[in-house]
Amino acid sequence: MSQLKPSLMDFTQKELTALVKPAFRAKQIYSWLYHNYASTYEEMKNLPKALKEELAEKYIVNPLKIVNKEESSDGTIKYLLELQDGKTMEAVWLKMKDKQLDEAGNTIQEAKYTICVSTQVGCKVGCTFCLTAKGGFTRDLSSAEIVAQVVTLKRDNNHKHNRKINIVYMGMGEPLDNLNNLAKAIEIFKEDEGLCIGAKRQTVSTSGLSTKIDKLGEMDLGVHIAISLHAVDDKLRSELIPMNKAHNINSIIEAVKRFPIDTRKRVMFEYLVIKNKNDDLESAKKLVKLLTDIKAKVNLIYFNPYPGTDYDRPEKKDMLAFQEYLVNHGLLCTIRDSKGIDISAACGQLKEKTQGEI
Ligand code: SAH
Ligand code: SF4
């Protein structure tokens, strides 16, 4: 594989300041990248030509190109993005709340958005329900390739740099399997003179690599975590998530208990509901027991079927009964409304479709 050129988006502001002289140039570059979403050196009007030429030899600006885009009626936009080496991955623009207007039609509150980002091309974990897993693992994303997803989607949606946005690391790949690049991207997102997306607005979702949950906790970045639990006993969980054999449910729960959590916040447990697999009340009962000592919130997700899968979407009535049981037993629980259900909602599905068409 040819060597990939690093990007200007690989650097924290401090690193960039050490790299370009005089120091105020780094501030200008940061502003071009994260306030103006520049994707070429030509756009950076106030930088000297010589500096731009020098930088262009070593670094590209934005390493991503939009190759496909599907927009859903609910405002969700799913992007297929191409990397420098021609590989592709996905990022999703999610509308969480509509714009609020008063009677006179004035804006009281702007619409709220969340960006779902990928951390790898493919994934090593191999979950049996997940389309991303079917293609195996290709490579980790660099920090810049993670950061650029947010820049690219904000730019494409004319979302001003000072508008708030949340990030969920729930796209393709297992974030904790690419921990160093992930941690660096989290820091770059946080930069005050960059995108200024605080750690509390960033949620890392993991299939449960318990030792890496500890490592992430030790880094003390201040991010939230979401655990993709999906099953309450190790037998079923190992069927759904093969690496559960090495990182079983108990080890995950213990790691979560050690994780530094903002006391006002809860740890999110994602529970993918699959018909006749884990949608019964006996499972709900075990889930309540498992989460007894944790300040948890459960997010029930409808399994989203795709051609060739052995699993089925659960019945709505079973979903509601499951939720009711949890709520009646003191657990906060939401059902994830299937955003973008008419496009290719679950991870890996747009990529699969586009490649199938080529
Ligand atoms: N690898 C991490 C990051 C997110 S994976 C993790 O597993 O937590 C992407 C998300 O998509 C996970 O929450 C997973 O449960 C969900 N997902 C995967 N396949 C799905 C499907 N077919 N239907 C619905 N959700 C799915
Ligand atoms: Fe990887 Fe997450 Fe898909 Fe499992 S669900 S294969 S961990 S991306």
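This is a short walk through one protein structure, from its overall build to a few individual residues.

Let me say at the outset that what we are looking at is a predicted model, and that every value I mention has been computed from it. I will start with the whole chain, then turn to the core, and after that to one helix, the loops around it and some residues elsewhere.

The protein contains 12 helices and 14 strands. Its C-alpha trace spans about 70 × 55 × 45 Å along the principal axes. For 358 residues, a compact globule would be expected to have a radius of gyration near 21 Å, and because the protein has 21 Å, the two agree. If we consider contacts between residues at least 6 apart in sequence, 66% of them join residues at least 24 apart.

As for the surface, the protein exposes about 16800 Å², and 49% of that area is supplied by carbon and sulfur atoms. The side chains include 53 positive and 48 negative ones, and the centres of these two sets lie 3 Å apart. Of the 358 residues, 53% count as buried, which brings me to the interior.

In soluble globular proteins, nonpolar side chains tend to be buried together. Here the largest nonpolar core has 108 residues, and those with the most contacts inside it are Leu8, Phe129, Phe189, Leu216, Phe269 and Leu326. Let me take Leu8 from that list and ask which residues it touches, not counting those up to four places away in sequence. The residues touched by Leu8 are Leu16, Ile29, Leu33, Tyr41, Met44, Leu55, Tyr59, Ile60 and Val61.

One of those partners, Leu55, is found in helix 3 and is buried, with a relative accessible area of 4%. Leaving aside neighbours within four places in sequence, Leu55 is in contact with Leu8, Val20, Ile29 and Tyr41. To give a sense of distance, Leu55 and Asp177 are 122 residues apart in sequence, and their C-alpha atoms are 31 Å apart in space.

Ile29, which is in contact with Leu55, takes us to helix 2, where it is one of the buried residues. Why can we call helix 2 largely enclosed by the rest of the structure? The reason is that eight of its 11 residues, in the stretch 24–34, are buried. The buried ones are Arg25, Ala26, Gln28, Ile29, Tyr30, Trp32, Leu33 and Tyr34, and they pack against helix 1, helix 3, helix 5 and helix 6.

The loops on either side of helix 2 each hold a feature of the backbone, and I would set both against a general background. Most residues other than glycine have a negative phi, and most peptide bonds are trans. In the loop between helix 1 and helix 2 we find Pro22, and the peptide bond joining Lys21 to Pro22 is cis, with omega about -15°. In the loop between helix 2 and helix 3 we find Tyr37, whose phi is positive, near 55°. Tyr37 is also buried, with a relative accessible area of 7%.

A positive phi near 55° is also found at Cys196, which sits in the loop between helix 6 and strand 10. Cys196, however, is partly exposed, its relative accessible area being 45%.

Tyr37 has a further connection, since it is among the residues that His159 touches. His159 lies in the loop between helix 5 and strand 9 and counts as buried, at 2% relative accessibility. Apart from residues up to four places away in sequence, its contacts are Tyr37, Trp93, Tyr113, Lys154, Lys164 and Ile165.

On the far side of strand 9 in sequence, Gly171 occupies the loop between that strand and helix 6. Is Gly171 buried or exposed? With a relative accessible area of 13%, Gly171 is buried. Its C-alpha atom is separated by 31 Å from that of Gln28, 143 residues away along the chain.

My last residue is Thr203, found in strand 10 and likewise buried, at 14% relative accessibility. Setting aside neighbours within four places in sequence, Thr203 is in contact with Ile167, Val168, Tyr169, His224, Ile225 and Ala226. Between Thr203 and Ile335, which are 132 residues apart in sequence, the C-alpha atoms are 18 Å apart.

Key: Residues numbered from 1 in each chain as written. Chains lettered and ligands numbered in written order. Predicted model: local features only at pLDDT ≥ 70, side-chain atom pairs only at ≥ 80, totals over all residues. Heavy atoms only, no water. Helix = DSSP H or I, 4+ residues; strand = E, 2+ residues; numbered from the N terminus. Rg over C-alpha atoms; globule rule 2.2 N^0.38 Å. Buried < 20%, exposed > 50% of the residue type's maximum accessible area, 1.4 Å probe, protein only. Contact = heavy atoms within 4.5 Å. Areas by Shrake-Rupley, 256 points an atom, 1.4 Å probe, with all protein chains shown as cover. Lys, Arg positive; Asp, Glu negative; His and termini not counted. Charge placed at Lys NZ, Arg CZ, Asp CG, Glu CD. Core = buried A, V, L, I, M, F, W, Y, C linked by side-chain atoms within 4.5 Å.
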